[in-house]
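User: Could you walk me through this one, starting with how the parts sit against each other and then moving on to any odd backbone geometry?

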Protein chains: 2
Amino acid sequence: MSDTTQQRLSLAVSTVVFALRPHLRTGRPTVWLPLVRRIREPYEGLWALPGGPLEDDQDLAASARATLARTTGLAPRYLEQLYAFGDVDRSPGDRVVSIVYWTLVRPDEDAQAIDGENVEWFPADEVRGLAFDHDVIVRYALDRLRAKITYSPIAHAFLTDEFTLAQLREVYEAVLGRRLDPANFRRQILAQGTVEPTGRHLTGTSHRPPALYRSNLARPRATLTIEETA
Amino acid sequence: MSDTTQQRLSLAVSTVVFALRPHLRTGRPTVWLPLVRRIREPYEGLWALPGGPLEDDQDLAASARATLARTTGLAPRYLEQLYAFGDVDRSPGDRVVSIVYWTLVRPDEDAQAIDGENVEWFPADEVRGLAFDHDVIVRYALDRLRAKITYSPIAHAFLTDEFTLAQLREVYEAVLGRRLDPANFRRQILAQGTVEPTGRHLTGTSHRPPALYRSNLARPRATLTIEETA
């Protein structure tokens with residue numbers, strides 16, 4: 001490949017961080033994400049996803065983790081590559097391809113969050129007018145989250161190791177943006193087989209403390225089962 | 001971002017092309033892919049995925065399509081981003097990040113394939129010793145295909161608009177690498193609701209010509225259904 005062709009290209013790694021925090025008006029768990037205010041052109045003064053140029057000596061995920069630690073103080077376990085965004089016109093001037101990761105943050109991880117300079121958290125559904133094509137990227141990540149929660153146990157990534165079914169339902173409600181019927185939800189989740197009771201109960205809450213569950217990722221999820229020929 | 005940091009980075013776009021072709025020994029439909037023999041260092045003489053450097057004026061998918069047209073003559077409709085591979089040590093010398101697309105080719109598209117210079121097709125499960133980390137990439141793509149076929153109608157991408165259930169089963173058998181019981185397969189696929197009868201039958205084959213089906217992607221697939229509260 002010729003050096004001339006590649007000269008103007010740079011590669012950035014950015015991350016969409018989703019955590020559940022109470023909505024400021026309703027108090028209900030809501031999907032939030034941290035953004036960083038740009039302090040130089042292009043798009044100086046606008047909010048953008050935490051990210052930065054890929055360093056020579058860094059793998060892609062390592063670059064995402066380094067930026068997250070610097071801007072938010074977060075060191076999440078769940079980090080997954082989301083998509084590479086590389087449209088020719090997505091950044092004025094130089095050609096910049098962004099490889100975007102996403103992470104779902106547990107409450108105990110979120111408790112460690114420390115906002116870096118120029119960092120603020122926003123309800124994910126309400127952010128508009130971000131730098132570059134970051135509106136599109138946030139929308140893409142939310143769509144992926146909403147799709148994936150219907151066929152995978154990704155919701156568990158928002159919870160600590162043990163959780164009640166009410167807490168799990170609140171995750172689904174936050175992600176899907178609507179209230180769910182508790183009895184139906186309980187029946188469907190238990191039929192799916194992705195959680196199992198721990199035998200313990202949430203203490204200190206009521207006369208009938210709710211049962212605690214944990215992920216049961218060893219069991220296959222309910223999808224098309226292909227039976228082999230005998 | 002500093003020019004110094006980005007100087008040695010280049011970005012390639014490669015594509016894993018899967019098509020069903022008869023296995024040379026068994027004659028059964030098998031997953032094949034085209035590879036290109038490298039004519040320069042690094043890895044001169046080894047086989048690699050079709051790919052090339054990202055050009056300044058090309059979007060990512062456009063780059064993948066241009067390489068495919070040049071090397072294989074293919075212009076597939078189904079083209080999806082697979083993953084970005086960017087480990088520091090994946091290429092000797094310059095840092096190269098590869099954004100990999102994948103495509104599943106229909107028989108009528110595959111019939112248009114013309115092998116370019118230094119291009120050959122191989123059974124996907126049998127390729128070893130490719131250039132760079134392309135063994136890992138092919139394995140990753142096969143794993144994704146095998147996972148996705150169990151929860152999405154991706155198998156249809158290997159077929160023309162109308163197909164028999166036996167043809168659809170052959171796709172599953174080729175991807176999963178094992179024979180499936182026809183009656184069980186029929187029951188499970190129909191329960192899944194992703195195909196619907198066209199009302200037509202395959203002609204000229206037998207006394208009882210098999211029914212033709214088509215994709216029914218408008219219907220939701222069988223996953224966790226979240227009912228809203230009343």
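**Backbone and domain contacts**

Analyst: Let me begin with the backbone, keeping in mind that this is a predicted model: Pro42(B) sits in the loop between β2 and β3 of chain B, and the peptide bond that joins Glu41(B) to Pro42(B) is cis, with omega about -5°.

User: And what is the peptide bond from Glu41(A) to Pro42(A), cis or trans?

Analyst: That bond is cis, with omega near -5°, and Pro42(A) is found in the loop between β2 and β3 (47–48) of chain A. As background, most peptide bonds are trans, and most residues other than glycine have a negative phi.

User: Which phi values should I look at, then?

Analyst: Tyr43(B) has a positive phi of about 65° although it is not a glycine, and Phe132(A), in the loop between β7 (119–123) and α4 of chain A, has a positive phi near 50°.

User: What sort of aromatic pair do Tyr43(B) and Phe132(B) form?

Analyst: The two rings are edge-to-face, with 5.0 Å centre to centre and 65° between the planes. Tyr43(B) lies in the loop between β2 (29–37) and β3 (47–48) of chain B and Phe132(B) in the loop between β7 (119–123) and α4 (134–151) of chain B, so the pair ties together parts 89 residues apart in sequence. Over all chains, the structure holds 14 aromatic pairs.

User: OK, switching to domains: how is chain A divided?

Analyst: Chain A has domain 1 (7–150) and domain 2 (152–215), and the contact takes 19 residues from domain 1 of chain A and 17 residues from domain 2 of chain A. The centres of these two domains, taken over C-alpha atoms, are 27 Å apart.

User: How much area do domain 1 and domain 2 of chain A bury between them?

Analyst: They bury about 1700 Å², 67% of it on carbon and sulfur atoms. On the side of domain 1 of chain A, Arg28(A), Arg106(A) and Ile149(A) supply 38% of the area buried against domain 2 of chain A, more than any other three residues.

User: How many salt bridges and polar contacts cross that interface?

Analyst: The rule finds two salt bridges across the interface of domain 1 and domain 2 of chain A, along with five residue pairs in polar contact. By class, the side of domain 1 of chain A that touches domain 2 of chain A has twelve nonpolar, two polar and five charged residues, and α4(A) gives the largest share of that side, five residues.

User: And what about Arg28(A) and Glu173(A)?

Analyst: Their side chains meet in a salt bridge, at 3.0 Å from N to O.

Key:
Residues numbered from 1 in each chain as written. Chains lettered and ligands numbered in written order. Predicted model: local features only at pLDDT ≥ 70, side-chain atom pairs only at ≥ 80, totals over all residues. Heavy atoms only, no water. Domains from an automatic or database assignment. Contact = heavy atoms within 4.5 Å. Buried area = accessible area lost by both parts, 1.4 Å probe. Salt bridge = Lys/Arg side-chain N within 4 Å of Asp/Glu carboxyl O. Polar contact = N/O pair within 3.5 Å; in protein donor to acceptor, adjacent residues only side chain to side chain. Helix = DSSP H or I, 4+ residues; strand = E, 2+ residues; numbered from the N terminus. Nonpolar A, V, L, I, M, F, W, Y, C, P; charged D, E, K, R; others polar. Phe/Tyr/Trp six-rings, centres within 6.5 Å; stacked < 30°, edge-to-face > 60°.
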